[in-house]
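Reader: I have a structure open on my screen and would like to walk through it with you. Could we talk about its charged pairs and a residue or two besides?

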Amino acid sequence: MVRSLWNAATGMNGQQANIDTISNNLSNVNTTGFKQHRAEFEDLIYQRVKLPGTPATEDTVTPVGVQMGHGVKVGATQRIMTQGSLQATGVDTDIAIVGEGFFRVQQYDGSWAYTRDGSFKVDSTGQLVNANGLRVIPEIIMPEGFQIETLSISDSGRVNVKVNGNVEPIEIGQLELYRFPNAVGLENTGDNLYKVTNASGEAIAGRPGIDGMGITKHKFLEMSNVSVVNEMVQMIVAQRAYEFNSKAIQTSDTMLQTATQLKR
């Protein structure tokens with residue numbers, strides 16, 4: 001009886017974590033380059049009352065045992081790395097990745113971080129940076145007298161721009177993308193950034209469109225891959241599961257109450 005109370009409590013805790021994950025997905029439905037998460041569950045340790053295969057007679061064994069479960073826990077929050085839809089922005093410094101890969105930026109402490117958010121800007125020194133001023137690596141630096149409206153970026157990541165006095169654009173840099181043996185093992189750090197972990201493996205650099213890398217689309221952004229309809233359905237399922245577990249606690253409490261009322 002007491003076991004059922006605690007089992008149902010772990011179920012309620014698990015569904016609360018599920019709702020937390022779903023709400024985070026919904027809150028980031030308009031976040032550029034955001035990747036949906038999914039809560040995954042594991043059953044807890046079992047009490048083995050009788051093991052399968054225990055001798056029943058001299059010639060037979062029990063085909064099944066008796067194992068009593070102790071509930072559930074969150075095993076992982078899986079990141080879904082499917083492609084988000086593309087949105088045409090018309091902004092000269094916006095770049096979307098179509099396919100596999102991440103942009104690399106350099107953080108203030110000198111370390112590298114990775115992102116699918118290509119809503120870049122040009123800072124006061126003419127350097128291509130993200131919304132928080134982190135430099136895109138390899139560095140893309142606009143020459144003196146550049147005309148931002150003439151900036152063009154090819155599918156293979158070549159960056160060209162016209163300079164005052166020149167008729168033809170000049171090439172000023174080459175964008176690189178980075179992929180990982182296990183991209184879902186990257187660590188979310190906020191600000192649309194990821195960090196390398198032992199699970200993700202080291203970054204593999206490459207040019208867009210070569211050796212399995214995605215391509216770059218100029219004046220586009222990759223939107224979140226969250227489906228609002230699917231998340232709402234998952235929220236209903238999680239809410240009902242939460243209610244079922246609360247009902248199990250109420251039922252266990254009623255049974256305990258019945259037991260205590262046997263002696264009057």
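Author: Happy to! One definition before we start: a salt bridge here is a side-chain nitrogen of Lys or Arg within 4 Å of a carboxyl oxygen of Asp or Glu. Please keep in mind that this is a predicted model.

Reader: How far apart, N to O, are the side chains of glutamate 222 and arginine 116 in their salt bridge?

Author: Glutamate 222 sits in strand β20, while arginine 116 is in the loop between β8 (112-115) and β9 (121-122). The two are 106 residues apart, so the pair links distant parts of the chain. Their side chains meet in a salt bridge, with an N to O distance of 2.9 Å.

Reader: Which residues are joined into one network by salt bridges that share partners?

Author: Let's stay with that pair: glutamate 222 and arginine 116 are both buried. Salt bridges with shared partners make one network, and its members are Lys35, Arg116 and Glu222.

Reader: Is aspartate 92 buried or exposed?

Author: Aspartate 92 forms a salt bridge with lysine 219, their closest N and O atoms being 3.5 Å apart. Lysine 219 lies in the loop between β19 (215-218) and β20 (220-222), and aspartate 92 in the loop between β5 (86-88) and β6 (95-98), so the pair ties together parts 127 residues apart in sequence. Lysine 219 is partly exposed at 30% relative accessibility. Aspartate 92 has a relative accessible area of 19%, and since the cut-off is under 20%, aspartate 92 counts as buried.

Reader: Which strand holds the glutamate 42 that pairs with lysine 73?

Author: Lysine 73 and glutamate 42 form a salt bridge, with 3.7 Å between the closest N and O atoms. Lysine 73 lies in strand β4 (residues 72-79), and the pair ties together parts that are 31 residues apart in sequence. Lysine 73 is partly exposed at 40%, and glutamate 42 is partly exposed at 39%. The strand with glutamate 42 is β1 (residues 37-43).

Reader: How many salt bridges does the structure hold?

Author: We have talked about several, among them the one between lysine 73 and glutamate 42. The total for the structure is eight.

Reader: And which residues is glutamine 15 in contact with, leaving aside its neighbours within four places in sequence?

Author: Glutamine 15 lies in helix α1 (residues 2-27). At 14% relative accessibility, glutamine 15 counts as buried. With those neighbours left aside, its contacts are Phe41, Ala238, Ala241, Tyr242 and Asn245.

Technical notes
Residues numbered from 1 in each chain as written. Predicted model: local features only at pLDDT ≥ 70, side-chain atom pairs only at ≥ 80, totals over all residues. Heavy atoms only, no water. Helix = DSSP H or I, 4+ residues; strand = E, 2+ residues; numbered from the N terminus. Buried < 20%, exposed > 50% of the residue type's maximum accessible area, 1.4 Å probe, protein only. Contact = heavy atoms within 4.5 Å.
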